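Reader: Hey, could you walk me through one helix up close, and then show me how a pair of helices packs? I'd like the cut-offs spelled out as you go.

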Amino acid sequence: NTEVRALMDIKAALDPENNFLKTWTSDGDPCSGSFEGVACNDHRKVANISLQGKGLSGRLSPAIAGLKCLSGLYLHYNSLTGEIPSEIANLTELTDLYLNVNNLSGSIPLDVGNMGNLQVLQLCCNQLKANIPAELGSLKKLSVLALQYNQLIGTVPPSLGNLIMLKRLDLSYNHLSGPIPTSIAVIPELQILDVRNNSLSGFVPAELKRLNGGFSYGNNSGLCGKGFSTLRDCSAFDDADIPTLKPFGLDTNHTTPKFLPESETLQANCSHYNCSKSSRFPAILIVVGVLVVAVTLVAAGSVAFIRCRRQKQKIGSSIETADGRFIIDQANDLYYKSSSPLGRLAYSVEWDPPADGLSSDDSSQEVLQRFRLHLEDVESATQYFSDANVLGRGNFSTVYRGVLRDGSVVAIKSINVTSCKSEEEEFVKGLKLLISLRHENLVSVRGFCCSRGRGECFLVFDFASNGNLSRYLDGSDCFLDWPTRVSIINGIAKGIQYLHEDNASKPPLLHQNMSADKILIDEKFNPLISDSGLRKILADDIIFSALKVSAAMGYLAPEYVTTGRFTDKSDVYAFGVIVLQILSGKQKLTNSARSAAESCDLKDLIDPNLSGKFSIFEAAKLAKLAAACTHELSSERPTMEMVIQELNKRSSGT
Ligand SMILES: Nc1ncnc2c1ncn2[C@@H]1O[C@H](COP(=O)(O)OP(=O)(O)OP(=O)(O)O)[C@@H](O)[C@H]1O
């Protein structure tokens with residue numbers, strides 16, 4: 001069939017070595033569920049391809065256009081190279097296109113404007129050059145347009161103002177010039193506009209004030225405007241750039257720079273203000289001229305000062321040599337040479353946020369201050385980050401065992417700055433939330449420290465002396481008796497329920513990375529869930545990579561693969577997998593474990609190392625619960641509240 005042929009072409013280009021897509025075979029059925037990451041619609045047509053974070057290093061084939069009913073294409077967080085094929089524009093049913101965090105080059109195909117159903121266009125963190133096509137303005141259903149961290153040039157097309165559903169527009173960290181079109185500023189749904197780190201200039205439309213913190217414009221020295229805290233006021237020299245004068249529709253000329261060299265701008269201003277007739281108000285003009293020169297000098301001075309300050313702040317992303325000095329240039333170089341596109345996500349502005357006195361309210365600032373530790377505390381606790389104290393190294397962090405000055409033992413998680421949220425305000429908000437989480441079955445945060453010098457943030461947790469749950473699986477020398485297993489299951493459920501619930505002190509939260517490794521065991525054999533809320537301070541790409549690990553370990557719910565969406569029921573799925581692991585005593589579950597749980601075949605399910613010392617009633621209840629939690633359909637899984645009720649019923653029934 002033609003779809004299988006298209007899929008085989010796509011596979012050959014995406015995964016030329018056949019390392020990751022072995023399940024895609026020319027004699028297979030993509031709608032049987034056997035093709036990894038492929039899901040079909042009711043008409044047995046391919047509707048979704050979800051291969052995010054799979055390590056794919058090939059290209060995207062033009063054959064993709066053969067999947068006419070595709071509505072979601074999720075290829076983010078891979079290492080794809082080459083250009084985005086223009087044939088992609090034939091996918092008129094596509095609603096979600098995620099190609100972010102790859103190494104794609106070339107331009108955004110002009111015909112993308114034909115994809116009238118597109119709602120999310122995620123192209124961030126690639127190497128796309130060229131202009132932003134004005135044709136994007138035809139995507140009337142688009143709500144997210146994310147083009148940040150590319151090398152896009154030219155001006156921002158005013159036609160983007162036609163995107164009436166647009167909620168988020170991110171153009172930051174590109175090489176864009178010219179003004180911010182007023183047409184964009186008046187999009188009714190717009191909540192986030194990020195244009196930081198470009199070369200934009202001219203008046204900032206006053207309408208953008210309504211976005212408050214949702215409008216980020218730093219590091220565009222040519223921008224000016226009234227009522228924006230860090231923008232200089234506009235002078236007469238900025239008048240020529242007034243964006244409101246530009247047409248609203250498709251701007252076919254946007255590829256040519258609209259801005260003249262400084263000398264010509266002066267002439268342009270001159271004719272604009274009708275210099276030849278200036279004798280009508282000579283005195284006023286002289287006064288205005290003096291004022292303009294003075295304002296310009298002050299503005300230029302401020303810009304130079306801000307730049308100089310920023311330059312200094314960039315030093316924060318330096319690396320330390322063995323003798324404790326910082327190598328500034330090499331560090332910046334390293335970010336750019338890094339093979340991972342994430343390397344480019346280095347902080348370029350303020351770091352050490354809580355220390356810098358943010359504009360948050362006093363009480364929450366006080367909370368941060370209360371939990372803030374000094375770098376020396378962390379250094380001495382870990383004996384200067386001695387290898388002997390390393391408990392584990394992950395993809396984005398290292399965990400050390402440490403002893404604080406008061407003698408208490410802690411675990412210290414060091415997270416690289418490039419793995420944290422790049423938006424300072426969001427990061428601090430996440431940090432506050434993380435600190436506020438308090439429950440007997442969650443690992444508590446004792447303190448934190450963000451070091452500009454080291455380019456790292458340290459989270460300090462209570463130490464769980466009995467390691468993690470994985471240590472007790474697979475017949476290792478550590479053995480858990482039946483009552484301990486039951487109480488651990490109860491504790492984990494209570495911890496997740498606390499995360500999911502909405503109460504006065506916290507919003508509902510998803511864990512998203514639950515596994516036996518993340519269940520720590522304290523000295524009384526209570527389970528403590530670690531890394532709860534951590535994703536609130538991590539960069540999206542890091543969260544995706546964690547999900548990839550989760551998938552490889554069998555904790556990721558099937559709906560994430562097909563829809564790319566994670567819900568509370570996805571956490572419930574991971575909980576069900578952990579219950580099966582505890583009951584069977586095995587890390588790796590076979591397909592038969594779930595069927596044994598479903599049919600209450602305890603003989604095949606329960607860990608033989610228990611030598612039959614378990615309650616049949618409890619085991620049967622827990623097996624049924626685990627089967628329900630790992631149901632293929634998320635709608636069939638219980639909520640955590642229902643799980644707790646079930647567990648309580650069980651204890652009152654014994
Ligand atoms: N609070 C703690 N008390 C005791 N041990 C801990 C604590 N936190 C983490 N550890 C241990 O440190 C090691 C590394 O922790 P963890 O797996 O959470 O971080 P990681 O290495 O950064 O991995 P990942 O990238 O999956 O988050 C694990 O063996 C874990 O059990």
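Author: Sure, let's start with α10, where D541, I542, I543, S545, A546, L547 and S550 are buried (20 or more other C-beta atoms, placed from the backbone, within 10 Å of a residue's own). Keep in mind that this is a predicted model: local features need pLDDT of at least 70, side-chain atom pairs count only at pLDDT 80 or more, and totals for chains, interfaces and linings use all residues. Numbering runs from 1 along each chain as its sequence is written. Helices here are DSSP runs of H or I with at least four residues, numbered from the N terminus.

Part of the cover over the buried residues of α10 comes from α11 (558–563), going by contacts, meaning C-beta atoms placed from the backbone within 7 Å. As for its length, α10 has 13 residues (540–552), so at 1.5 Å a residue it should span 18 Å, and its end C-alpha atoms agree at 19 Å apart; the expected span is 1.5 Å times one less than the number of residues. Just past α10, G554 has a positive phi of about 85°.

Now the pair: α9 (482–500) and α12 (568–584) pack at about 170°, axes 11 Å apart, with axes being lines fitted to C-alpha atoms over the stretch in contact and angles running from 0 to 180 degrees between N-to-C directions. That makes α9 roughly antiparallel to α12 (over 145 degrees). Among the residues making the contact are R485, I488 and I492 of α9 and D571, F575 and I578 of α12.

Methods:
Helix = DSSP H or I, 4+ residues; strand = E, 2+ residues; numbered from the N terminus. Buried ≥ 20, exposed ≤ 12 C-beta atoms within 10 Å, placed from the backbone. Contact = placed C-beta atoms within 7 Å. Parallel < 35°, antiparallel > 145°, perpendicular 65-115°, else oblique.
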